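This note is addressed to a colleague who is meeting the structure for the first time. The numbered points below take up selected features in turn.

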Amino acid sequence: MELEILGAHNCESRDTKLTSLLVDQTIAIDAGGLTSSLSFPAQQQIKAILITHHHFDHIRDLATFGMNTYMVGPTNIYALDSVLGVISTHLLNEVLYPDFRNKPFPDKPSLKFCPLEPNNEVLIEGYAVLPLPVNHNVPTIGYQVTSPDKKSLFYTGDTGRNSSSLWQAVSPGLLITEVTMPNRFEFVAQASGHLTPRLLKEELLDFRRIRGYLPRVVTVHMSPQLEGEIGDEVAQVAKELGATITLGYEGMRIAI
Ligand SMILES: [Zn+2]
Ligand SMILES: [Zn+2]
């Protein structure tokens, strides 16, 4: 299984894109920097898009993706029912942009919405996908994705500290999680459901206590303006835990 990080940040510029991942060129997870990162042929290879939650920086490119694949769909969009509802009413609502669930043809639309139940594993394009609730300030699910040859990753989406029951449910070879801001903003992070390096350390201590190991960790959703500080603090956490923790970046490819 190969993971490509398309977007690794929470703010967009020429050099930073909003959070979006791509598994084996087939399954995208979150659609912040999806279309701006891929050629049209690469976009057409995507068979499914998994969405963690309805915040704009994670759903935005569903609009452009729907337009770009207008005649080649449908592509299946997986998310909580409530998240699909927000996308319908606020983004693809025939006011801001077309409802691609019915266009260009009702029987051959650009996008197809597929609601997921939390904690209920489903098979998507041959991959076992387990959606698990995480602790953000709106309903959010992380995804464990396991390939047919049993390689797995877990992506938390946006999250603050979680109860240890989350780590009882997953055993990934690669953990992708967020670190949005440095330690001095911990009060902001806790109020908005995000992690700092110190909170990540607490999460990883829970993970290791419950699972007995630490996977390789890659961070995303960094604030670009604070990335140097985040990087220094993450490196310190990695040293203290004896763990491999890398800041993700646009175009990063990881073999799992
Ligand atoms: Zn969010
Ligand atoms: Zn976000």
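1. Glu-4 has a relative accessible area of 13% and is therefore buried, the limit being under 20%. In this predicted model, the side chain of Glu-4 meets that of Arg-253 in a salt bridge, with a distance of 3.5 Å from N to O. Glu-4 belongs to strand E1 (residues 2-7) and Arg-253 to strand E16 (residues 253-255), so the pair ties together parts that are 249 residues apart in sequence. The partner, Arg-253, is partly exposed, with a relative accessible area of 47%.

2. That pair belongs to a wider group: a search of the whole structure finds 14 salt bridges. In general, side chains of opposite charge can pair when their charged atoms come close. Another of the pairs is formed by Arg-60 and Asp-61, whose closest N and O atoms are 3.2 Å apart. Asp-61 counts as buried, at 3% relative accessibility.

3. A further salt bridge joins Arg-161 and Asp-206, and here the closest N and O atoms are 3.2 Å apart. This pair links distant parts of the chain, 45 residues apart: Arg-161 is in the loop between strand E12 (152-155) and helix H5 (165-168), whereas Asp-206 is in helix H7 (residues 197-211). Arg-161 counts as partly exposed at 28% relative accessibility, while Asp-206, at 13%, counts as buried. Both residues take part in a network of salt bridges that also includes Glu-203 and Arg-209.

4. Which residues coordinate the zinc ion (ligand 2)? The donors are Asp-57 (OD), His-58 (NE2), Asp-158 (OD) and His-221 (NE2), at 2.1 to 2.2 Å. Along the sequence, these donor residues follow the spacing D-H-x99-D-x62-H. Of the donors, Asp-57 counts as buried at 16% relative accessibility, and His-58 counts as buried at 0%.

5. Why is the arrangement around the zinc ion (ligand 2) irregular? The four donor atoms subtend angles of 87 to 173°. A tetrahedral assignment would need all angles to lie between 85 and 135 degrees, so the range up to 173° does not meet that requirement. Asp-158 has a further role in the geometry, as this residue bridges the zinc ion (ligand 2) and the zinc ion (ligand 1). The two ions lie 3.5 Å apart.

6. The backbone also merits attention. The peptide bond from Gly-73 to Pro-74 is cis, with omega near 5°. Pro-74 is found in the loop between helix H3 (61-68) and strand E5 (75-80). A cis peptide bond also joins Lys-103 and Pro-104, where omega is about 0°. Pro-104 is placed in strand E6 (residues 104-105).

7. Where does Asp-24 lie? The residue is in the loop between strand E2 (20-23) and strand E3 (27-29), and Gln-25 is likewise placed in the loop between E2 and E3. Although Asp-24 is not a glycine, its phi is positive, at about 50°. Gln-25, also not a glycine, has a positive phi of about 60°. Asp-24 is partly exposed, with a relative accessible area of 25%, and Gln-25 counts as partly exposed at 40% relative accessibility.

Definitions and conventions:
Residues are numbered from 1 along each chain as its sequence is written. Chains are lettered from A and ligands numbered from 1 in the order in which they are written. This is a predicted model: local features need pLDDT of at least 70, side-chain atom pairs count only at pLDDT 80 or more; totals for chains, interfaces and linings use all residues. Side-chain values use heavy atoms; hydrogens and water are left out. Donors are N, O and S atoms within 2.8 Å of the metal (3.2 Å for Na, K and Ca); water is not among the atoms, so sites may look incomplete. Four donors count as tetrahedral if all angles lie between 85 and 135 degrees; four count as square planar and six as octahedral if opposite donors are over 155 degrees apart and all others between 65 and 115; anything else is irregular. Buried means under 20% relative accessible area, exposed over 50%, partly exposed in between (1.4 Å probe, protein chains only). Helices (H or I, at least four residues) and strands (E, at least two) are DSSP runs, numbered from the N terminus. A salt bridge is a side-chain nitrogen of Lys or Arg within 4 Å of a carboxyl oxygen of Asp or Glu.
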